[in-house]
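Open the model in your viewer and show side chains as sticks. The stops below are given in the order in which to select them.

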Amino acid sequence: LLKDAGKFVKMARTQGKDYGEVFPANMEGYLLPDTYEFPYHCDEAVVLQRFVDEFRGRVLPLWEKKKAKSPLKDLREVVVLASLVEREAQVDGERGLIAGVYINRLKLGMRLECDATVQFALGKTKPVLLFVDLEVDSPYNTYKYTGLPPGPIANPGLRSLEAAMAPTPSKYLYYVRNDIKNDGSHVFGKTYAEHLNNCARYQK
């Protein structure tokens with residue numbers, strides 16, 4: 001077991017460049033969530049190396065296979081977009097659609113308006129965001145600034161990374177949580193008018 005979780009977090013946030021050019025200094029977003037087995041007695045460097053090896057072994061080959069047709073220019077953008085998908089999607093089958101919504105918005109120069117990025121900018125999770133929350137002045141606030149945020153807001157899993165590499169094509173620009181089903185799914189819309197109708201119909 002790790003004796004000092006704080007030391008591990010500090011290493012993960014500052015030493016990414018030591019593991020090669022594919023990793024930024026702050027490795028948030030690059031620590032692939034999964035079930036890992038470690039020796040009972042191991043240090044922070046061993047744990048971090050395992051995360052690095054897992055990312056190299058599973059994500060990099062996938063990116064090599066998908067990058068020629070990807071709408072994103074590099075792996076950094078993939079990880080950033082995947083982190084938004086990871087935070088927003090609760091149903092696996094919607095990950096590609098949600099990624100596609102953001103790609104469509106990027107292509108049109110629209111703000112992404114992702115609630116999860118506001119939560120990240122605030123530094124806390126709130127059950128309901130208020131209008132004042134959407135005004136937080138942070139480059140991570142995608143309600144104020146266009147484009148992808150400057151870095152990942154979570155460590156995305158492989159399904160979210162795949163969705164970001166190869167989003168599901170659609171004309172959707174909006175989605176809203178389906179409170180009628182209450183199963184984590186969303187209702188998607190192509191126009192703002194359709195989105196407003198979906199909000200009125202499906203949100204409590």
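Is V128 buried or exposed? This is a predicted model, and in it V128 has 55% relative accessibility, so V128 counts as exposed. To find V128, go to the loop between α5 (115-122) and α6 (158-165). Now add L130 and V132 to the selection: together with V128 they form a nonpolar patch on the surface. The accessible area of the three residues together is about 290 Å².

Next, select the strands. Start with β1, residues 174-177, which pairs with β2 in the antiparallel sense. The pairing runs over 4 bridges. Select R177 and look across to β2, where H186 stands opposite. Then colour β2 itself, residues 186-189. H186 and F188 lie on one side of β2, V187 and G189 on the other. These four residues are all buried, so that both faces of the strand are covered.

The last stop is the cysteines. Select C114 and C199 and show the sulfur atoms. How many disulfides are there? The count is 0. A disulfide is a covalent bond between the sulfur atoms of two cysteines. The sulfur of C114 has its closest cysteine sulfur in C199, 15 Å away, which is too far for a bond; the cut-off is 2.5 Å. Seen from C199, the closest cysteine sulfur is that of C114. As for their surroundings, C114 is buried, at 0% relative accessibility, whereas C199 is partly exposed, with a relative accessible area of 22%.

Notes
Residues are numbered from 1 along each chain as its sequence is written. This is a predicted model: local features need pLDDT of at least 70, side-chain atom pairs count only at pLDDT 80 or more; totals for chains, interfaces and linings use all residues. Side-chain values use heavy atoms; hydrogens and water are left out. Patches are made of residues with over 30% relative accessible area and no salt bridge: like charges are joined within 9 Å, nonpolar side chains (Val, Leu, Ile, Met, Phe, Trp, Tyr) within 5 Å. Accessible areas come from the Shrake-Rupley method with a 1.4 Å probe; for residues, only the protein chains shown count as cover. A salt bridge is a side-chain nitrogen of Lys or Arg within 4 Å of a carboxyl oxygen of Asp or Glu. Helices (H or I, at least four residues) and strands (E, at least two) are DSSP runs, numbered from the N terminus. Buried means under 20% relative accessible area, exposed over 50%, partly exposed in between (1.4 Å probe, protein chains only). Two strands pair if DSSP finds at least two bridges between them.
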